[in-house]
Amino acid sequence: MIQQSVAEQKRQRLFLVLCGIFLTNALIAEIIGTKIFSVESLLGVNPAQIPIGGTKLDFNMTAGVVNWPVVFITSDIINEYFGTKGVRRISYLTAIFIVYTFITIYFATQLPPAQFWLDVNSTDSHGNHFNINDAFNKIFNQGLGIMIGSIVAFLLGQILDVFVFSWLRKRTGSKHIWLRATGSTMFSQLVDSFVVLTIAFYVFGNWDMKQILSVGSINYLYKGSVAILLTPILYIAHYFIDGYLGKEYAEELAHHAAHDGEVL
């Protein structure tokens, strides 16, 4: 009974930590996702200008892609040990917190700015006139479209990821972790990459479809590449989790999760 109690405590701690990593990185990715950055400028090279679909694509991505790979891999680990119910629970909770975050940010943009704050920040780094309140509102008031697009894309992507991951696991058993993790991510993010941009920046914004195609394609290319590159980390995480929980108990959890067992 004592060993079982210790094992249960470890399982709950593991689930709590994984959920914390998942939730934190998802929220950060949503908040910083309004910024589009140039990969070529970051690397100090000329724009790629890749001809695809009648347009030329540069490597421009949303800043949120920095954190999303952590969300993908954490989702796969939760699915591996806690099943689809575990992933769904944290996904729905994350969606609720995303809504809460954007509502809070919206009300923050409506607060009247303090005059001294405007005066202290009245010029930019080059001495040009600068209104920090307008800049703050300009960035964060994109939130409505991004919130709707993010939640739709996030939940749709997670549902697809869970479905494909579980489908592959039932056919591979405990083998080929890389296949179900990478395969589920590649499929789900193909949808996620374009849905969020289309809703946030085409339906609610002022982007045209060429910009959606350009940024979406590059984002997906990045996410797919990172999903493959992070495969060794997935095996390392499994190694440490198995050591933390105990090999036998970890395998029992994974087997139970494969049959949609309850998390807690």
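**Exercise 1. Ile90**

Work out where Ile90 lies, whether Ile90 counts as buried or exposed, and which residues Ile90 touches beyond its sequence neighbours.

*Solution.*
- Start with the element: Ile90 is part of helix 3. Keep in mind that you're looking at a predicted model.
- Next, check accessibility. The relative accessibility of Ile90 is 3%, and the cut-off for buried is under 20%, so Ile90 counts as buried.
- Now look for partners. Leaving out residues up to four places away in sequence, Ile90 touches Cys19, Phe22, Leu23 and Ile78.
- Finally, try a C-alpha distance: Ile90 and Ser75 sit 9.0 Å apart in space, with their positions 15 residues apart in sequence.

**Exercise 2. Thr84**

Find the helix that holds Thr84, decide whether Thr84 is buried or exposed, and give the C-alpha separation of Thr84 and Ser166.

*Solution.*
- Thr84 is in helix 3.
- Its relative accessibility is 3%, so Thr84 goes down as buried.
- Along the chain, Thr84 and Ser166 are 82 residues apart, yet their C-alpha atoms are separated by 7.5 Å.

**Exercise 3. Helix 3 against helix 9**

Describe how helix 3 and helix 9 cross, and sort the contact residues by class.

*Solution.*
- Get the geometry on paper: the axes of helix 3 and helix 9 (residues 231–245) cross at roughly 45 degrees and come within 11 Å.
- That angle makes the two helices oblique to each other.
- For handedness, the crossing of helix 3 with helix 9 is right-handed.
- Then list who does the touching. Helix 3 brings Ile73, Asp76, Ile77, Glu80 and Tyr81, while helix 9 brings Ile233, Leu234, Ala237, His238, Ile241 and Asp242.
- Sort them by class and you get seven nonpolar residues, one polar and three charged.

**Exercise 4. Helix 3 against helix 5**

Do it again for helix 3 and helix 5: at what angle do they pack, and how far apart are their axes?

*Solution.*
- Helix 3 (residues 68–110) and helix 5 (residues 132–140) pack at about 155 degrees, and their axes are 10 Å apart.
- Angles over 145 degrees count as roughly antiparallel, so that's the label for helix 3 and helix 5.
- The crossing of these two helices is left-handed.
- On the helix 3 side, the contact uses Ile105, Ala108 and Thr109; on the helix 5 side, Phe136, Asn137 and Phe140.
- Class by class, the contact of helix 3 with helix 5 has four nonpolar residues, two polar ones and no charged ones.

**Exercise 5. Phe163 and Gly246**

Place Phe163 and Gly246 in the structure, then classify Phe163 and Gly246 by accessibility.

*Solution.*
- Take Phe163 to begin with. You'll find Phe163 in helix 6 (residues 143–172).
- Exposed means over 50% relative accessibility; Phe163 is at 57%, so Phe163 counts as exposed.
- The C-alpha atoms of Phe163 and Ser188 are 9.4 Å apart, with 25 residues separating the two along the chain.
- Move on to Gly246, which is in the loop between helix 9 and helix 10 (247–258).
- Gly246 has a relative accessibility of 25%, so the label here is partly exposed.
- Gly246 and Ala7 are 239 residues apart along the chain, but 8.4 Å apart from C-alpha to C-alpha.

**Exercise 6. The whole chain**

Step back and summarise the protein chain: how many helices and strands are there, and what share of the residues is buried?

*Solution.*
- The tally is ten helices and four strands.
- In sequence order, the pattern reads α-β-α-β-β-β-α-α-α-α-α-α-α-α.
- The chain has 264 residues, and 45% of them count as buried.
- For the surface, the accessible area is about 14,400 Å², with 67% belonging to carbon and sulfur atoms.
- Last, look at the contacts with a separation of 6 or more: 76% of them join residues 24 or more positions apart.

Technical notes:
Residues numbered from 1 in each chain as written. Predicted model: local features only at pLDDT ≥ 70, side-chain atom pairs only at ≥ 80, totals over all residues. Heavy atoms only, no water. Axes fitted to C-alpha atoms, helices over the stretch in contact; angles between N-to-C directions. Parallel < 35°, antiparallel > 145°, perpendicular 65-115°, else oblique. Left-handed = near helix turned anticlockwise from the far one by under 90°. Contact = heavy atoms within 4.5 Å. Nonpolar A, V, L, I, M, F, W, Y, C, P; charged D, E, K, R; others polar. Buried < 20%, exposed > 50% of the residue type's maximum accessible area, 1.4 Å probe, protein only. Areas by Shrake-Rupley, 256 points an atom, 1.4 Å probe, with all protein chains shown as cover.
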